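User: I'm new to this structure and would love a close look at a single part of it. Could you pick one strand, walk me through its surroundings, and then show me how the rest fits around that picture?

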Amino acid sequence: MTFKIGLLGLGTVGSGTAEILLDPSGRHPLLQEIEIERVGVRSLSKPRTIKLPQEVMTTDLEAIVTDPEIDVVVELIGGLEPARSLILKAIAAGKHVVTANKAVIARYGDEIYTAANQAKVYVLLEAAVGGGIPVIEPLKQSLGANRIQRIIGIVNGTTNYILTQMSAAGTDFDRVLAEAQKLGYAEADPTTDVDGLDAADKITILTSLAFGRRLKVEDVHCEGIRQVSTADINYAQRLGFAIKLLAISQCPNKEEPEKLQVRVHPTLVSQDFPLASINGVYNAILIEGEPIGQVMFFGPGAGSGPTASAVVSDIMNIVGILKSSGKTETLDPLLSCSHQDYATVIPIEESVTRFYGRFLTKDIPGVIGHLGTCFGKYNVSLESVVQIGFIGDLAEIVVVTHDVREGNFRQAIEEISNLDAIDSIPSIIRVL
Ligand code: HSE
C-alpha cells in the first residue's frame, strides 16, 4: 500500500522534502510507502536541482488539493494567499495537511482547525516553528502531562545571527544586516524578521499549544532589533548580560490560566542563562513546566534539510495513523488541535519585568539623585546605577531596575525625559 502526497511548492523546503521522500533508504521503513503524486509550482520552466518526472509537475495547485488520489497535501508555498485558501480547500476535500506556514496558522488557525476538526483531518505544523527542531510534537505529546508555566524562545535565526555578529565583531546593525543579506541569512526585505513579526507568529503558535487556548497574533506585544546598538551590547556585556531577541509567553497566575503574557522583544539575559549562549542562526526554545522543570530544545531553525526533516516527520505521523487505522473517523487528541477558548493577553503595561536604561545627562551635581527620586516616585527600585563615562560633555549613565510593573517604569521614564539635566534616553531594554 502506498500513500500519496501532493506537494505545493518546490522552493527551499519543498525541494528538501522531495529529496527525503525520493531517497528513503536508511531512513524509517514507512518512507518507502510514501509517494509524491503531484507537485504544484508557479513555473514549469524554472531550472531546478531536484529532478522529478515531468508528468508529476503542474501549475494547477487547485487540482492537487482536490485530487482524489492524494492523501496528504503538503503546503510549502508560504505567504497568506493562496496558501490559506488552498489549505481550506484541501481540508474540504478530506485531505490531511502538513504545512510550514507560521503566518497562515498564526492568523487563520481558528478557521483552519475548526474546518479540520469538522472534516476529521489533521493539520500538522512541526516545521512552522524552529525549523528542524522538534518542539510542536513534544508540546502536544511528550510534555502533555505538565502544567506549562513559561516558554522563552530564540525562534528567529536571522535576528540571532545579526545580534551575534554585532556582539562578536562590534559591527553596527546596518552593516551586519547588509552582510547577512549577502550571505543569504536575511531576506532582501528583512522586515518580517528584524521587526520581530516572524517571532510573534511563532510564539503565537507555541503559546496556543502550550496553554491550550487560541490567541490573536495582533495581541502579541512585538518589538524588533533595529534599535539595539553596539553600545548597548558592550554595556550589557560589561554588566554580565547578552542581548537576545526573545519570544516569551507565560501564565503569571495559575489560578487565572486564561490570562497570559505574550511578547517579543530584545532582552538582556544573564550570560549564564541557557539561551545566552545560543549563537548565529540557531534557534532554541526553553520550556518550563510543572513537574518537569526546565527543558530546552536547540537546533537549526531554518534551512532546506532541517525544515524538511520536520515536514516529513509530520507526513509520517499521518501516514502511520492511516496505515494502522484506515480512515480517521475520530482524530487522535494528541495530534489534533481542539481548543476553543481565547486567551486574554495581559496588556504590556501590566507585565512585570526588569529594565535596562541608558541615559545621556548633563555633567552636573545631583543628576543621579534626580533619576533616583523620579524612579522612587513610581515605585521603581534600582538594582544598579553605573556612570559609564562621557560622550563629549554628556555623562552616560546606565541603570538596571529590579522587577517593576511596566506601566510604572514608563511613567518614571516620561518624567525623567522632561528633567533639565537629561539630554536623551538612547535605549530602554527589558532584562530577563
Ligand atoms: N526567517 C526565519 C528565521 C526562518 O530567520 O528564523 C523561517 O522561519
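Analyst: Happy to! Let's begin with strand β14, residues 352–362, where 9 of the 11 residues are buried, so the strand is largely enclosed by the rest of the structure. Please keep in mind that this is a predicted model.

What surrounds β14? Start with its strand partners. Strand β18, residues 422–431, runs antiparallel to β14, and 7 bridges join the two. Strand β16, residues 394–401, also pairs with β14 in the antiparallel sense, again over 7 bridges. A good residue to click on is G357: it stands opposite I428 in β18, and its bridge partner in β16 is V399. There is also strand β17, residues 404–405, which is antiparallel to β14 and joined to it by 2 bridges. Here T353 of β14 stands opposite V404 of β17. As general background, strands of a sheet pair through backbone hydrogen bonds, either parallel or antiparallel.

Now look at two helices, α12 and α13. Helix α12 covers residues 367–377, and helix α13 covers residues 406–417. Two packed helices are described by the angle between their axes and the distance between the axes. For α12 and α13 the angle is about 145° and the axes are 8 Å apart. Their crossing is right-handed. On the α12 side the contact is made by L371, C374, F375 and K377, and on the α13 side by F409, A412, I413, E415 and I416. An α-helix has 3.6 residues a turn, so residues three or four places apart point the same way.

Follow the chain on from α12 and you come to N379, in the loop between α12 and β15 (382–391). N379 has a positive phi of about 65° although it is not a glycine. Its relative accessible area is 64%, so N379 counts as exposed.

For contrast, let's turn to another sheet. Here 6 strands form an open sheet in the order β3-β2-β1-β4-β5-β6, and the pairing is parallel. The edge strands are β3 and β6, each of which pairs on one side only. Strand β5, residues 96–99, is joined to β6 by 2 bridges, and the two run parallel; within that pair, V98 has L124 of β6 as its bridge partner. β5 also pairs with β4, in the parallel sense and over 4 bridges, with V73 and V97 as bridge partners.

In a regular strand the side chains alternate between the two faces of the sheet. You can see this in β5: H96 and V98 point one way, V97 and T99 point the other way, and all are buried. Helix α11, residues 304–325, lies across β1, β2, β4, β5 and β6, and runs at about 165° to β5.

Helix α3, residues 83–92, is worth a stop too. Just ahead of α3, in the loop between β4 and α3, sits P82. A cis peptide bond joins E81 to P82, with omega about 10°. Within α3, the residues A83, L86, I87, L88, A90 and I91 are buried, and what covers them includes β1, α2, β4, β5, α4 and β6. After the helix comes G94, whose phi is positive, near 80°. Further along, in the loop between α4 (102–119) and β6, you will find K120. K120 is not a glycine, yet its phi is positive, about 55°. With a relative accessible area of 34%, K120 is partly exposed.

There is another cis peptide bond to look for, between E290 and P291, where omega is about 20°. P291 is found in the loop between β11 (282–290) and β12 (293–300).

Let's finish with a charged residue, R48, in the loop between β2 (34–40) and β3 (57–58). Is R48 paired with an opposite charge or left without a salt bridge? R48 is buried yet has no salt bridge, and the nearest side chain of opposite charge, E19, is 11 Å away. Leaving aside residues up to four places away in sequence, R48 touches L10, V41, S43 and M57.

Key:
Residues are numbered from 1 along each chain as its sequence is written. This is a predicted model: local features need pLDDT of at least 70, side-chain atom pairs count only at pLDDT 80 or more; totals for chains, interfaces and linings use all residues. Side-chain values use heavy atoms; hydrogens and water are left out. Buried means under 20% relative accessible area, exposed over 50%, partly exposed in between (1.4 Å probe, protein chains only). Lys and Arg count as positive and Asp and Glu as negative; His and the chain ends are not counted. A salt bridge is a side-chain nitrogen of Lys or Arg within 4 Å of a carboxyl oxygen of Asp or Glu. Contact means heavy atoms within 4.5 Å. Two strands pair if DSSP finds at least two bridges between them. Axes are lines fitted to C-alpha atoms, for helices over the stretch in contact, and angles run from 0 to 180 degrees between N-to-C directions. A crossing is left-handed if the near helix is turned anticlockwise from the far one by less than a right angle, and right-handed if clockwise.
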